[in-house]
Amino acid sequence: DRPVEMPEGKGADGTLRDSDVLFRTVAETASDAIIVIDEDSKILFVNSSTERIFGYLKDELLGQQLTILMPDYFRHVHRQAIQKYVETGKKHLSWDGVELLGLHKNGNEICLEISFGEFVRDGKRIFTGICRDRTERKRFEQERHQLAAIVESSEDAIVSKNLKGIIQSWNRGAERIFGYTAEEVIGKHISMLAVRERIDEIPQILERIRRGGRIDPFQTQPRPNYGRVLSISVTISPVRDSS
């Protein structure tokens with residue numbers, strides 16, 4: 001990101017006096033794309049973040065139709081919707097935080113969260129769109145859902161617990177092997193599965209994980225819901241969050 005120069009027009013106390021100058025400063029420092037169009041969908045203004053999100057330079061967008069930033073299948077819908085709104089004042093969708101697909105200059109679709117606004121100038125409507133790029137978030141959510149599906153469908157027991165030993169997730173493999181449903185165990189201490197002779201293993205394992213260590217596969221004998229002691233192989237690894 002290139003720095004934005006502070007515009008002229010500041011008062012003696014250092015505050016921005018001119019509303020146009022203030023608008024330009026806010027628009028150019030915003031992390032979201034800001035796009036202004038007229039009733040004919042002609043682009044009147046874009047800020048620097050529009051360049052970053054869509055890949056076009058400002059000069060490539062000014063005077064162009066907004067549909068340049070839309071996938072082909074959405075362009076006709078947009079033209080009809082804005083024409084209908086100008087004629088009737090009726091919106092065809094929410095104007096606050098709606099999720100739509102945009103089109104990058106390189107041809108890739110990008111996930112956007114868009115809020116719209118309007119004002120009237122010289123008797124004509126002017127529309128403003130504030131676009132937030134959600135592509136990475138969508139990709140992350142898809143990967144998370146895929147991983148969750150893999151865990152849930154595993155025949156092996158996959159169990160997560162916090163550093164206090166409290167069970168936080170419990171897949172179908174764990175239900176099959178240990179005989180407890182997720183509702184019966186989540187929120188309880190992992191020691192509920194241990195036989196008395198091996199319960200001292202748990203704090204030692206948690207302390208090692210707390211220090212960032214990994215527990216190599218080992219044999220243990222938990223006690224499932226149906227009473228019979230099992231012989232299983234266990235691997236325990238730390239999973240780190242953002243902090």
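**Entry 1. The largest pocket**

I began with the lining of the largest pocket, which by class has 22 nonpolar, 11 polar and seven charged residues. I note here that the model is a predicted one. The volume of this largest pocket comes to about 1400 Å³. I counted 40 lining residues, and those nearest the centre of the pocket are V159, S160, K161, I236 and S237. I then looked up which elements give two or more residues to this lining, and found β6 (159-161), β7 (167-170), α6 (172-178), α8, β8 (215-220) and β9 (232-236). Helix α8 provides the largest share, six residues.

**Entry 2. The second largest pocket**

I turned next to the second largest pocket, for which I recorded a volume of about 520 Å³. Its lining consists of 27 residues, and I37, L66, M70, H78 and F116 are the closest to its centre. Two or more lining residues come from each of β1, α4, β3, β4 and β5. The largest share here belongs to α4, with six residues. By class, I noted 19 nonpolar, five polar and three charged residues in this lining.

**Entry 3. The hairpin of β3 and β4**

I examined strands β3 (residues 98-103) and β4 (residues 109-121), which run antiparallel and are joined by six bridges. Within this pairing, I found I110 of β4 opposite G102. The two strands form a hairpin with five residues between them. In the turn, I noted that G107 has a positive phi of about 95°.

**Entry 4. I126 in strand β5**

Is I126 buried or exposed? I126 has a relative accessibility of 4%, so I entered it as buried. This residue belongs to strand β5, which spans residues 124-133. Leaving aside residues up to four places away in sequence, I listed the contacts of I126 as V36, I37, D38, L44, G117, E118, F119 and R121. I also checked I126 against E39, which is 87 residues away along the chain, and found their C-alpha atoms separated by 6.4 Å.

**Entry 5. Salt bridges**

I obtained a count of 15 salt bridges. I looked at several of them in turn.

One of them pairs D32 with R132, with the closest N and O atoms 2.8 Å apart. D32 sits in the loop between α1 (19-29) and β1 (33-37), while R132 is in strand β5, so the pair ties together parts that are 100 residues apart in sequence. I recorded D32 as buried because its relative accessibility is 13%. R132, at 35%, counts as partly exposed.

A further salt bridge joins R75 and D72, whose closest N and O atoms are 3.1 Å apart. Both residues lie in helix α4 (residues 72-88); they are three residues apart and therefore separated by about one helical turn. I noted R75 as partly exposed, with a relative accessible area of 22%, and D72 as exposed, at 59% relative accessibility.

I also inspected the salt bridge between the side chains of R210 and E207, with an N to O distance of 2.7 Å. These two residues lie in helix α8 (residues 201-210), three residues apart, about one turn of the helix. R210 has a relative accessible area of 42% and is partly exposed. E207 counts as partly exposed at 33% relative accessibility.

Which residues are joined into one network by salt bridges that share partners? I found E99, R137, K138 and E141 in that network.

How values were computed
Residues numbered from 1 in each chain as written. Predicted model: local features only at pLDDT ≥ 70, side-chain atom pairs only at ≥ 80, totals over all residues. Heavy atoms only, no water. Pairing = 2+ DSSP bridges. Helix = DSSP H or I, 4+ residues; strand = E, 2+ residues; numbered from the N terminus. Buried < 20%, exposed > 50% of the residue type's maximum accessible area, 1.4 Å probe, protein only. Contact = heavy atoms within 4.5 Å. Salt bridge = Lys/Arg side-chain N within 4 Å of Asp/Glu carboxyl O. 1 Å grid on protein atoms, 1.4 Å probe; cavity = no way out; pocket = protein on both sides within 12 Å on 5 of 7 lines; lining within 4 Å. Points joined across faces, edges and corners; volume = space filled by probe spheres on them. Nonpolar A, V, L, I, M, F, W, Y, C, P; charged D, E, K, R; others polar.
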